[in-house]
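Student: I am new to this structure and would like a close look at a single part of it. Could you walk me through one strand and its surroundings?

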Amino acid sequence: MALTVVASGTQSASVGVEHTLTTLTGGKTYTLHVDTAAMSHGSGTADELELRIKTNVLNGGTERVTYYALFVGAQDVPVKISLPVPVPQAGTVTLKQTAGTGRSFPWAVTTPD
C-alpha cells in the first residue's frame with residue numbers, strides 16, 4: 001500500500017508552546033511521523049516532547065485528544081510514528097516541547113492511498 005504525504009515541514013519548537021502542525025479533513029486515516037534525532041538528555045533538564053492528534057466525532061463538535069505520546073531525552077529510535085488515527089470529521093495535529101532546549105523537528109502526516 002502506498003502512502004500520500006498530506007502535510008510536512010520542520011517545526012522549530014518553543015518550549016511550552018503547543019504548535020499546530022496541520023489540520024485534517026475527515027473521512028481518512030492518518031499517521032504522524034516525527035524525527036526526534038535532535039532530542040538530548042541535556043546537562044540539567046532532558047528534552048521532553050508531546051505529540052497529539054485531536055479529532056471531533058460530530059461535525060462542529062469539540063476536538064478531543066485521540067492520540068498522545070510523550071518522549072523524554074535522547075531517543076534510541078529517533079523516528080516516531082503514531083498509531084493510525086481514523087478522522088471522521090476534522091482534526092488537528094500538534095507538537096509541544098515541554099522541557100529542555102528548543103529543538104527543530106522534521107515531521108510529516110500521511111494517509112494511505
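Student: In what sense do strand 2 and strand 8 pair, and over how many bridges?

Tutor: Happy to help! A note before we start: this is a predicted model, where local features need pLDDT of at least 70, side-chain atom pairs count only at pLDDT 80 or more, and totals for chains, interfaces and linings use all residues. Residues are numbered from 1 along each chain as its sequence is written, and side-chain values use heavy atoms, with hydrogens and water left out.

Strand 2 (residues 18–25) and strand 8 are antiparallel, with seven bridges between them. Strands here are DSSP runs (E, at least two residues), numbered from the N terminus, and two of them pair if DSSP finds at least two bridges between them. Across this pairing, His19 faces Leu95 of strand 8.

Strand 8 also pairs with strand 4 (residues 48–55), again in the antiparallel sense, over eight bridges. There, Thr55 is opposite Gly91 of strand 8. Together these strands belong to an open sheet of four, in the order 2-8-4-5. Its edges are strand 2 and strand 5, each pairing on one side only.

Seven of the ten residues of strand 8 (residues 90–99) are buried, so the strand is largely enclosed by the rest of the structure; buried means under 20% relative accessible area, with a 1.4 Å probe and protein chains only. Leu95 is among the residues with the most contacts inside the largest nonpolar core, which has 21 residues. Such a core is a set of buried Ala, Val, Leu, Ile, Met, Phe, Trp, Tyr and Cys residues joined through side-chain atoms within 4.5 Å. Strand 8 is one of the elements giving two or more residues to this core.

Terms used: Buried < 20%, exposed > 50% of the residue type's maximum accessible area, 1.4 Å probe, protein only.
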